[in-house]
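Reader: Hi! Could you walk me through this one? I'd like to start with the packing and then move out to the overall picture.

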Amino acid sequence: MSTTSLDKAARKASMAIVGLVVLCGGAGVWSTWQQSAALRDQQEASELLRNHMNADMMHDAIRADVLAALQARDPKSGLVIADVRKDLTEHAKSLKVNVDTDVAFKSSPEVSAATSKLVQGVDSYVREAEQISELAANNPNAADAELKDFVREFHVLEGTMESASDAISAYSLTVSGSAESLGRIAMAVLLLTLAAAVGGALFLARQVRSHLVKPLLDLVSSVGKLAAGDRSTTVGLTDRRDELGALAGAIESFRGQLNAAEAAKDAQARLIVDSIGNGLSALAAGDLTVSVNAELAVPFDTLKTNFNAALAGLRELIGSVTDSAHSIRTGSSEIAQASEDLARRTESNAASLEQTSAAIAQIDGRLRASANAATQTVTRADGAMGTVSDGRELASGAMAAMNRVAESAKGIDSVIEGLDKIAFQTRVLAMNAAVEAGRAGEAGRGFAVVADLVGALAMRSEEEAKRAREQLTATSTDVVAAVGAVEKVDDALSRISSDVAQVHELLGQMATDNQAQSSAITQIAAAIGTMDHATQQNAAMVEETSAAARNLSGEVQALSEQAGRFRVDTAGGANLKDRAKASAYVSPVKPLPAAAITALTRPTHPPTADEGWNAF
């Protein structure tokens, strides 16, 4: 029979506790590392999507610059060709930088295949735009001729941009799905590890209590009864093949020897009381350092030897129990400390995920606001087109009215010409009447006066008709000029209507793109929210595990205190309780740095709309 079986069991229990600590720590480190990698991939996907959105906006901005360059030929537009060309250069530079960033992304073969086609299309598109802007200032007709090629290049690049956008969105969704699956796997692994650790710790505590503490208390009770004089008590555990069995056998042998020495107790009563009695009293009080040194007569010398051997075995057993309890308490403390550190790190990850989710929610809100603004702009453009159409109708009515006025002026001119002829004939008649009145002499003098008045009236009529003709001629000239101006206004309104229609189409496309991008951002925000919820659940479960480990440490501490009632150190005089206090456990886990503790603190107020947009 081995005499070190309990020691081996204590070593195995210590190794099992160390294994559980290593398993918990490894699972926590693996889970944190995997979640950090998933978060980094999502951040890269978000940055790539935002960069491609900027490239798409620069693509549309270059087309707007080309249209502005063509419009700048009209002095009434208020546009300066130099400013337009400057804006075109800046937008082209930004587009190339964004496209180069897209091409430099190599984490996804599909995204790389889609973005590699952008470089040639961007160069052709920018070259056509710069050529049209230069011709718009020097050769407007050639610029209009090149507009068709520019539109073709625009549509070609637009298709390539859409293909790249689809590939980037698909990659972002793939990364989000992988992160969500990885979060579930990490949570499952962590739960299994924590369940195994808690179960193993509880199993060890139960085994120690049932196989060591309770039998030891029974032996102490039996020894107490023997010390009280009850030699009829039965000592159990003699069939065990360990130190407790050896101790029980020794106590049983001791009990037998006491019964055998009953006949000689009167002679040896005082000596036994002074030696064995005091030893048993010290044993009942928990002092295992007292041994029987008195010289007892036969057969009580064997009793002394057996008593001292029993005390030595008991001291060895209590020492093993104390060491085992100390190892178990050390392991449970390490489990508790590791669980607390893991809980803090998991909470930090949850805070980071929540901040990322809030930032993406703000991006989603901005995209929705942009889509609503584009929709309202399209509505305003529809109103502008209706207003321009009404203006053209009014201009057409005014031109028709001017033409009618011109025709009426021609009729009035004919009337004035008739009046002029009548005045001329009247003057001729007045001259004839004056001649006839002169022939009549004195009798025709009154008739001559009337003829003079009629002649003067006829001359005045000719003068008024001449003035009316001059006035009518000037009016006709103004009417013709007004008709020409109305025709120019109608032509300008026609061009404005065409430009507004093109702007309407561009704004419609921008609204559609913004809505699609907002939908993609919403899906990403939902995935990050799911990861945040899972991480918070992990933190709560780790906290529960830490509480269980602390409870186990308390149970082991209570066991150590029970064992500390016995005094076994004969050299230094220190009892087990003092040894347990002297070997208090110091956790090797270092506390988190201040920066990490700051990261665990969540903001007390949500970011405003302006702060979120500036951060974005």
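**Packing and overall make-up**

Author: Happy to! This is a predicted model. Leaving aside residues up to four places away in sequence, Val111 touches Leu48, Phe105, Ala167, Ile168 and Tyr171.

Reader: Nice. And which residues have the most contacts inside the largest nonpolar core?

Author: Val111 is one of them, along with Ile62, Leu95, Tyr125 and Ile521. That core has 50 residues.

Reader: Which elements give two or more residues to this core?

Author: Helices H1 (5–71), H2 (81–104), H3 (109–115), H4 (118–138), H5 (140–227), H8 (300–440) and H9 (445–563) do. Helix H1 gives the most, with 13 residues.

Reader: Cool, and where does this core lie relative to domain 1 and domain 2?

Author: Between them, because domain 1 (12–214) and domain 2 (330–568) both give residues to this core. Apart from it there is another core, of 49 residues, including Ala248, Phe307, Leu311 and Ala549.

Reader: Switching topic: how many helices and strands are there?

Author: The chain has 12 helices and zero strands.

Reader: How much of the chain is buried?

Author: Of the 616 residues, 36% are buried. The accessible surface is about 33,500 Å², and carbon and sulfur atoms account for 58% of that.

Reader: Last one, on contacts between residues at least 6 apart in sequence: what share joins residues at least 24 apart?

Author: That share is 82% in this chain.

Notes. Residues are numbered from 1 along each chain as its sequence is written. This is a predicted model: local features need pLDDT of at least 70, side-chain atom pairs count only at pLDDT 80 or more; totals for chains, interfaces and linings use all residues. Side-chain values use heavy atoms; hydrogens and water are left out. A nonpolar core is a set of buried Ala, Val, Leu, Ile, Met, Phe, Trp, Tyr and Cys residues joined through side-chain atoms within 4.5 Å. Buried means under 20% relative accessible area, exposed over 50%, partly exposed in between (1.4 Å probe, protein chains only). Helices (H or I, at least four residues) and strands (E, at least two) are DSSP runs, numbered from the N terminus. Domain bounds come from an automatic or database domain assignment. Contact means heavy atoms within 4.5 Å. Accessible areas come from the Shrake-Rupley method with a 1.4 Å probe; for residues, only the protein chains shown count as cover.
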